[in-house]
Amino acid sequence: LDSLAKHVRQDGWPSSALVCESLQDYANSSPNKLLFAGLVPTTVEPLLWQAPWGCAESGLAGALSPEEPENKSSLLLALVDDVIHSSALNAHELALYCLPNLDCSGALSSVALFDTQVLVRRQAEGEILYMVVVVALMCSFALIFMRALNKVNTRMLHPLWSILDDMASLRSLEAVRLANFQPASEMLQDLQKGAKKDMRAWKRCVSVWKSGLAALSGEEQHMEEAVELADLRRSLASMRSALRSWAKYVPPYLLKSLYRSGVEAAVGVRHCEVSVFFCDIDGFRDLCRDLTPQDVLNLLGLVHGEVSNAIEGAGGTLLEFVGDEVLAVFNAPNELMDHEGVAVGAATDVLERARRLGVRVRCGLHSGKVLVGNIGSPTRIKYGVLGDGVNVAARLKSLNSHYGTCCLVSDECLDEVYNA
């Protein structure tokens, strides 16, 4: 338009109608609303256009008369300021273009002011829509990630924590006391049921996207089986079962000592002051004469169970069962303060438990120095006691039938009890 105005005026055309018509056509076709346009040639009168009136009459054009060329630019910008103030629009909703200087400095030949409110609003709506889409995608990915993390936590971390608990219990040998241990958790059993075959890389990607969509829709998806965790769990379960079985053959305290020392068991004994306890069922042969083998086994199980509970409850060590006879020691391998008094208390408890069962038992108790340790060959050993003190306790147990008593205790043991 600026070039057109210069061309028209320089050729001396009698009217600016062509320029005004072009300005009007441009204002009608522009995506932004044209508020003001000023064309200021250097040698002829300026041409001003303002919405909604169109080309200005002499009132506006006279302010930019060619007799004062040094004031043309400042007066033109002053007119633009008036239009801006009268439009009641914000600065970011207006666009000002100047020629030949785009920064509207110096001598200006043309100025155009546009209302870009519609464009700004469209841009704002687009930015809001873009932000909403971004937030929605972030929330979707967050949900997918949380769902995947929850599955990892459920199917990987929880079994690992359970395995760590099992390893800690094995380290402290608490496993030998646990009777309600399950070979595998329900979690790992679910993993085994939900196993899948290996897939190619692109199939894995597709499965990841499907699992993400399923997380959004609430559908249940099965993850691949954690085979290694299940195998490790089963191995720990087998180890725990073996330790529990071993603890039924070997005193638990001895088992813990061997585990913590980290030394392989070997034949060897040491002198130790202990209290030796023998116990059997009085008249066992006659009592079992008319009983079936299973009834005999049940009777032994009841009596041995009560005797074992009494001895272990007092801190003693149950060494072995020989038929209906029980051998136990106090103060080996674990040390006990006042082991003589503890042994006498355990013997009294055994008598009371046998009375409740309706069974008569014979007990013998003696305190003295004996040999305690691993007895046997290099390939087969057992933990036991040797010495005269063991024989004395056994003879005291047998003498109960001669004197018609239930429990005989040696002077060596009673003297320590009385002195204590």
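Is cysteine 272 buried or exposed, and what is its relative accessibility?

1. Start with that cysteine, and keep in mind that this is a predicted model. Cysteine 272 comes out at 9% relative accessibility, so it counts as buried, the cut-off being under 20%. Cysteine 288 goes into the buried group as well, with a relative accessible area of 12%. If you were about to look for disulfides, the count for the structure is zero.

2. Now the overall picture. The chain has 420 residues, and buried ones make up 37% of them. Its secondary structure comes to 14 helices and eleven strands. Take the contacts with a separation of 6 or more: 65% of them are between residues 24 or more positions apart.

3. Helix α2 is a good place to begin the tour. It covers residues 17-29, 13 residues in total, and spans 18 Å from first C-alpha to last, close to the 18 Å expected at 1.5 Å a residue. Its buried residues are Val19, Cys20, Ser22, Leu23 and Ala27. Why do they sit on the same side of α2? Because the arc they cover around the axis is only 160 degrees. On the face turned away from that buried side you'll find Glu21, Asn28 and Ser29, which are exposed.

4. Next, the five-stranded sheet. It is open, the pairing is antiparallel, and the strand order reads β3-β2-β1-β5-β4. The edges belong to β3 (54-55) and β4 (94-99); each has a single partner strand, so one side of each has no neighbour in the sheet. Helix α4, residues 72-87, lies across β1 (33-39), β2 (47-50), β4 and β5, and runs at about 165 degrees to β1.

5. Zoom in on the β4 and β5 pair. Strand β5 takes in residues 110-115 and runs antiparallel to β4, with six bridges joining the two. Which residue of β5 is the bridge partner of leucine 99? That would be serine 110. Leucine 99 also has a cis peptide bond to proline 100, with omega about 5 degrees. Proline 100 itself belongs to the loop between β4 and β5.

6. Serine 110 turns up again when you look at β1. Leucine 39 is a residue of that strand, and it is buried, with a relative accessible area of 5%. How many Å separate the C-alpha atoms of leucine 39 and serine 110? The value is 4.4 Å, although the two residues are 71 apart along the chain.

7. On to the β7 and β8 hairpin. Strand β7 (residues 317-322) runs antiparallel to β8, and five bridges join them. One of the pairings puts threonine 317 opposite valine 329, its bridge partner in β8. There are two residues between the strands of this hairpin, and glycine 323 takes a positive phi near 65 degrees there.

8. The loop between β8 and α12 (339-357) deserves a backbone check. Proline 333 is in this loop, and the peptide bond from alanine 332 to proline 333 is cis, with omega about -5 degrees. Asparagine 331 is in the loop too. Its phi is near 90 degrees, a positive value in a residue other than glycine. Asparagine 331 is also buried, its relative accessible area being 12%.

9. Aspartate 338 sits in that loop between β8 and α12 as well. Here phi is near 55 degrees, again positive in a residue other than glycine. Is aspartate 338 buried or partly exposed? Partly exposed, at a relative accessible area of 38%.

10. Last stop, helix α13. It runs over residues 388-403, so to speak 16 residues, and reaches 22 Å between its first and last C-alpha, close to the 22 Å expected at 1.5 Å a residue. Gly389, Val390, Ala393, Leu396, Lys397 and Asn400 are buried in α13. What covers these buried residues? The cover includes β6 (268-281), β8 (325-330), β9 (361-376), β10 (381-386) and β11 (407-409). Right after α13 comes glycine 404, with a positive phi near 70 degrees.

Methods: Residues are numbered from 1 along each chain as its sequence is written. This is a predicted model: local features need pLDDT of at least 70, side-chain atom pairs count only at pLDDT 80 or more; totals for chains, interfaces and linings use all residues. Side-chain values use heavy atoms; hydrogens and water are left out. Helices (H or I, at least four residues) and strands (E, at least two) are DSSP runs, numbered from the N terminus. The expected span of a helix is 1.5 Å times one less than its number of residues. Buried means under 20% relative accessible area, exposed over 50%, partly exposed in between (1.4 Å probe, protein chains only). The arc is that of the directions from the helix axis to the C-beta atoms. Two strands pair if DSSP finds at least two bridges between them. Contact means heavy atoms within 4.5 Å. Axes are lines fitted to C-alpha atoms, for helices over the stretch in contact, and angles run from 0 to 180 degrees between N-to-C directions. A disulfide is a pair of cysteine sulfur atoms within 2.5 Å.
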